[in-house]
Structure formats: structure tokens, C-alpha cells
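Biologist: Can you walk me through this one? Keep it short, please.
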Number of protein chains: 2
Amino acid sequence: MHNNQKKIGSELNPNVSVDCVIFGFDLEKLTVLVIDRGEISAANGPRLALPGNLIYDDENLDQAANRVLEELTGLKNIYLEQVGAFGDPFRIHKESDREWLKSIRAQPDARVITVAYFSLVKIEDYLPHASSFAKNAGWAPVNELSELAFDHFDILQAAKDKLKQKIKIQPIGFNLLPEKFTLSQLHRLYESILDKPLDKRNFRRKIQKLNILSNLKEKQRGVPHKPSSLYEFNEEKYQELTQKGFDNFGF
Amino acid sequence: MHNNQKKIGSELNPNVSVDCVIFGFDLEKLTVLVIDRGEISAANGPRLALPGNLIYDDENLDQAANRVLEELTGLKNIYLEQVGAFGDPFRIHKESDREWLKSIRAQPDARVITVAYFSLVKIEDYLPHASSFAKNAGWAPVNELSELAFDHFDILQAAKDKLKQKIKIQPIGFNLLPEKFTLSQLHRLYESILDKPLDKRNFRRKIQKLNILSNLKEKQRGVPHKPSSLYEFNEEKYQELTQKGFDNFGF
DNA sequence: AGTCTTTGTGTCATTTTTACACTATCCAAA
DNA sequence: TTTGGATAGTGTAAAAATGACACAAAGACT
């Protein structure tokens with residue numbers, strides 16, 4: 001599953017990196033996968049950073065982002081979208097960053113442009129403590145982060161904005177939920193991403209009217225309250241909808 | 001006005017360029033500023049390309065985009081927004097591109113990442129034939145272009161999409177119009193960008209209800225039909241509106 | 001049996017959207 | 001000076017979407 005092969009014949013480009021904002025949803029709130037850089041630069045900068053790496057000269061940007069994502073999580077074929085390019089000259093020249101930079105094989109004096117991506121992961125598919133990858137990576141609630149290394153906090157903010165905007169237009173939220181989910185979970189997901197409360201009844205009405213969910217003949221089990229029915233996202237129905245020119249969820 | 005100084009002590013970064021999609025509006029349709037690369041690669045690739053250049057190591061991406069825009073048009077303080085980063089490995093390795101690449105000082109074998117921007121220019125502010133800059137640049141109707149050099153057609157498409165999306169959220173269209181404009185001109189502008197017809201009466205009602213236009217006590221002169229009244233965009237009123245949480249024009 | 005927790009549902013008032021056609025005003029040409 | 005051509009400017013009615021709001025039902029647990 002995890003590809004650790006060295007790339008024979010290809011070289012790292014010292015000037016271009018990709019950083020990934022990997023979102024998850026723990027059924028309560030939005031989370032993001034961050035890496036603990038350890039004590040190396042604890043004195044001068046935040047320990048937590050977004051996963052990222054330089055790109056190889058023989059891969060395109062999307063490939064590089066997928067590679068970074070796979071190297072960290074072992075996951076392939078994940079929803080991934082570009083946020084944009086970031087980079088001030090000399091932004092990484094601080095002495096305290098040198099060790100960290102070496103660890104990702106960057107040249108401390110090089111000027112680096114970062115292309116940021118965000119991706120949406122079913123949190124159940126990547127449980128860091130149960131994984132062999134990156135022992136120093138973990139899910140952090142998006143709203144509890146107040147700083148990140150380098151310009152990663154700006155990148156996180158941009159990724160949140162892009163996600164917020166995108167979910168008003170395309171039903172990408174399902175990538176954050178289990179295959180089978182309840183309307184309440186979907187409701188909480190939208191509230192988390194849009195960062196505002198949504199009326200329960202109005203939300204359910206709006207979603208159901210779109211007719212892009214399959215109501216499974218199946219209910220939650222073992223919950224200490226009335227069990228909810230489970231739904232699945234129906235790609236075919238959504239395709240029908242878009243072919244009618246639909247491009248706005250009205251949130 | 002035009003800054004032709006060489007940048008002393010700074011160097012071009014051979015791996016990162018910016019390309020600008022400079023939109024204009026001729027009161028009929030959306031246009032874009034393209035450069036004719038001449039006969040150099042006429043046999044193998046389209047002559048027309050977007051303006052762009054490599055970045056210097058001591059400027060950030062936004063600065064580079066502003067520089068490219070100013071070098072071409074002489075204009076400063078123009079609306080400018082990043083579209084995203086583009087770049088496949090070896091995308092520019094075709095033999096036929098070498099001369100052109102030399103002319104923008106790129107190394108033909110280098111792998112180049114391009115960061116694309118779009119900007120909105122009042123067409124009256126840049127009339128190529130009346131300008132001392134770039135004799136080989138000119139406005140082309142966006143919908144009449146069917147190909148561009150390199151991956152510039154993809155970039156143009158992405159820029160159009162971004163503009164379309166953005167104008168649904170922010171009143172940036174005014175950057176394409178003269179200070180004083182008519183509602184019909186604004187109407188045609190929105191139709192051009194959204195690429196669909198909008199009912200005249202409904203459009204006018206919607207715009208007027210927003211209350212972000214000042215109705216000047218002034219009318220068109222010399223037109224061979226009933227003269228229209230002129231309007232101005234009112235930044236203060238728009239600020240009030242946004243502070244009420246407004247973030248959607250409903251197109 | 002009773003308590004706790006979350007699910008699931010309907011209505012009404014208001015606002016927004018859509019579709020649609022005719023008169024007014026100016027210029028120019030006869 | 002009359003006429004024709006062109007665009008500006010305006011209202012209404014039906015349909016759809018939105019927003020606000022409260023209580024009974026189902027299961028787990030004690």
C-alpha cells in the first residue's frame with residue numbers, strides 16, 4: 001500500500017514544495033493533520049506544521065501532492081484540490097528552521113514557493129496511533145490551532161476559506177464522512193465547515209429536496225437514544241442534478 | 001510611470017514564473033490581453049500567449065504579478081487576484097519554444113512552475129496602439145480564442161472560472177468599467193462574465209436593491225437613442241453592506 | 001416504570017425569484 | 001417637421017425558497 005521506493009533518475013526541485021492541509025471530521029468538529037517537528041526549533045517557532053515536501057522534477061503538482069499525502073497516510077485516490085501558491089522571498093531563512101529544512105531536504109538558503117492543497121479524508125481511514133506512518137503526525141481540531149510553523153497558519157486559513165466556498169457549490173463533504181452516515185452527522189459537518197449554526201429542520205428539508213442521498217433501509221445500532229436512519233451519497237443522482245445546471249446549494 | 005530600472009542585486013529564479021490573465025471589457029464583451037510571439041514558433045505552436053515572466057528572488061508572488069502587469073501596460077494599483085499554480089514537468093521543452101523562452105530569459109531545459117493571476121483593467125486605460133509598451137500586445141475577445149501557447153489556454157479557462165465565481169460574491173466588475181457607467185453596460189458585463197443571459201428588469205431590480213450605486217444626476221450625451229443615466233460604484237455603501245454579513249449577489 | 005438523549009416532522013409568514021410587454025426619449029434621416 | 005430606429009426605463013402576479021419555531025417517538029440505561 002505505502003510506496004517507499006526511491007525515485008530513480010529524478011531530482012528534487014529546491015525551489016518548489018507542496019504543503020497539504022488534510023482535513024478530517026471526527027463527527028463533532030473539523031480536524032486537520034499536523035506534524036510535530038519536535039524540539040528542534042521549539043525555542044523560536046511553533047512545533048506544529050503542515051505536512052509537505054519538495055517536488056521532484058518529473059512529477060506535476062497534483063502528483064506531488066498525492067505523493068505527500070500517500071507518504072504520510074498511505075491513502076490513495078483521495079479528494080485533493082489546489083488552494084494556491086504561497087511564498088515570500090527569504091521566508092524560510094530563519095536560523096532555527098535550518099535543521100527542519102534539512103530534514104525535508106530543502107536548502108536553507110533557497111527561495112521556496114509552496115503550492116498548497118487541501119484534501120478531505122475519512123478520519124476512520126487514518127488513525128495515526130494505529131498506523132506505521134509518521135508517528136509524529138496527528139489530528140488537531142481546526143479551531144483549536146492558533147499558530148503553525150512558517151506561513152502554515154495562513155495556508156490553513158486559506159484552505160478553510162476555500163473549503164467553505166467549495167462546499168456551497170459541490171457536495172464534497174461526503175468525503176469526510178463514513179460511507180453510511182446520518183443526517184445529523186451531515187448537519188454537524190456543514191455547521192463545522194460553514195462555521196455557523198444551521199436550523200435543523202431547514203437543513204434537512206434542503207438536503208432532502210436535492211435528492212442526492214439514498215435512504216438505506218438501515219438504522220444506527222447501539223446508540224443510547226432513538227436510532228437514526230443511515231444514508232449514502234448517490235453519485236448518479238448528483239450527476240443528474242448537475243446536468244440540469246445546478247451549481248449552488250444555497251448555504 | 002513605467003519602471004524600467006534593472007533590479008540590482010536580485011536574480012531571476014529559473015523555476016518560477018507568473019502569467020497574467022488581464023481582462024478588459026469593451027462594453028460589448030470580455031477581452032483579454034494577449035501577446036503575439038511572432039513567427040518564431042509559428043509552425044509548431046500558437047503565436048498568441050499570455051504575458052508572463054520569471055520572478056526575481058527578492059520579490060513575492062504578488063509583487064511579481066504586479067511587476068509583469070506594469071511592465072506591459074504601465075498600470076499600477078490594478079485589481080489582481082491569484083488563480084493558482086500550474087506546471088507539468090517538461091511542459092516547455094519543445095524545441096520550437098526555445099527562442100521564445102530565451103526572450104523571457106528562461107532556461108529551455110528548466111522545469112518551470114507558473115503562478116497565474118487574473119487582473120481587471122478599465123480598457124480605456126490601456127489602448128495598445130496608443131501605448132509605448134509592447135507593440136505586439138492587444139485585446140482579444142475571450143470567446144474568440146481557441147488556442148494559446150504552452151498551457152495558457154488552460155490558464156485562461158481557470159481564470160474565467162475564477163472570475164465567474166468571484167463576481168457572484170464580490171462586486172469586482174466595476175474594475176472593468178469606466179468610473180461612470182450605465183446599468184445596461186453593467187448588465188452586459190455580468191452577462192459576459194457569467195456567460196448567460198440575465199433578464200433586464202430582474203437584473204436592474206436586484207442591483208438597485210443592493211444600494212451600492214450612486215445615481216449621478218447626469219445622463220449620457222450624444223447617443224442616438226434615449227440617453228441612460230450614469231451611475232458610480234459607491235465603496236462606502238458596499239462596506240456597510242458587507243458589515244451586515246452580505247456575501248452573495250445571488251447570480 | 002421512569003429518565004435521558006437524540007431523531008424526526010409541519011406550518012405559516014415573509015422574501016425572493018421568475019416570466020413577461022409597453023411607453024418614453026433621443027438622434028438622424030427623409 | 002415628421003418619421004423611424006434604437007435603447008432606456010418601468011410593474012405585476014405566480015411560484016419558489018427561506019426562516020422561525022415546538023413537540024411526540026424511539027431506544028438505552030437505571
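Biologist: How many of the residues of chain A count as buried?
Modeller: Of its 251 residues, 53% do. Buried means under 20% relative accessible area, exposed means over 50%, and partly exposed is in between, with a 1.4 Å probe and protein chains only. This is a predicted model, where local features need pLDDT of at least 70, side-chain atom pairs count only at pLDDT 80 or more, and totals for chains, interfaces and linings use all residues. Residues are numbered from 1 along each chain as its sequence is written, chains are lettered from A and ligands numbered from 1 in the order in which they are written, and side-chain values use heavy atoms, with hydrogens and water left out.

Biologist: What helices and strands does chain A have?
Modeller: Chain A has 6 helices and 9 strands. These are DSSP runs, numbered from the N terminus: helices are H or I with at least four residues, strands are E with at least two.

Biologist: Switching to the DNA. Which residues come nearest to DNA strand D?
Modeller: A:Arg205, A:Val223, B:Ser184, B:Arg204 and B:Ser229, out of 22 residues around the strand. A residue is near if one of its heavy atoms lies within 4 Å. Sugar and phosphate make up 37% of the atoms of DNA strand D that come within 4 Å of the protein.

Biologist: Which base nitrogen contacts are there?
Modeller: Take A:Pro224: one of its backbone N or O atoms is 3.1 Å from a base nitrogen of DNA strand D. A:Asn202 has a side-chain N or O atom 3.3 Å from a base nitrogen of that strand. A polar contact here is a pair of N or O atoms within 3.5 Å.

Biologist: Which element gives the largest share of that surface?
Modeller: α5(A), with 5 residues. The surface near DNA strand D divides into 5 nonpolar, 6 polar and 11 charged residues.

Biologist: New topic. Why is strand β6 of chain B largely enclosed?
Modeller: 8 of its 8 residues, 113-120, are buried, so the rest of the structure largely encloses it.

Biologist: What covers its two faces, buried or exposed residues?
Modeller: Buried ones. B:Ile113, B:Val115, B:Tyr117 and B:Ser119 are on one side of β6(B), and B:Thr114, B:Ala116, B:Phe118 and B:Leu120 are on the other. In a regular strand the side chains alternate between the two faces of the sheet.

Biologist: Which strands does β6(B) join?
Modeller: β1 of chain B runs parallel to β6(B), with 8 bridges. There, B:Phe23 stands opposite B:Leu120. β5 of chain B runs antiparallel to β6(B), with 7 bridges. B:Gln82 has B:Tyr117 as its bridge partner in β6(B). Two strands pair if DSSP finds at least two bridges between them.

Key: Polar contact = N/O pair within 3.5 Å; in protein donor to acceptor, adjacent residues only side chain to side chain. Nonpolar A, V, L, I, M, F, W, Y, C, P; charged D, E, K, R; others polar.
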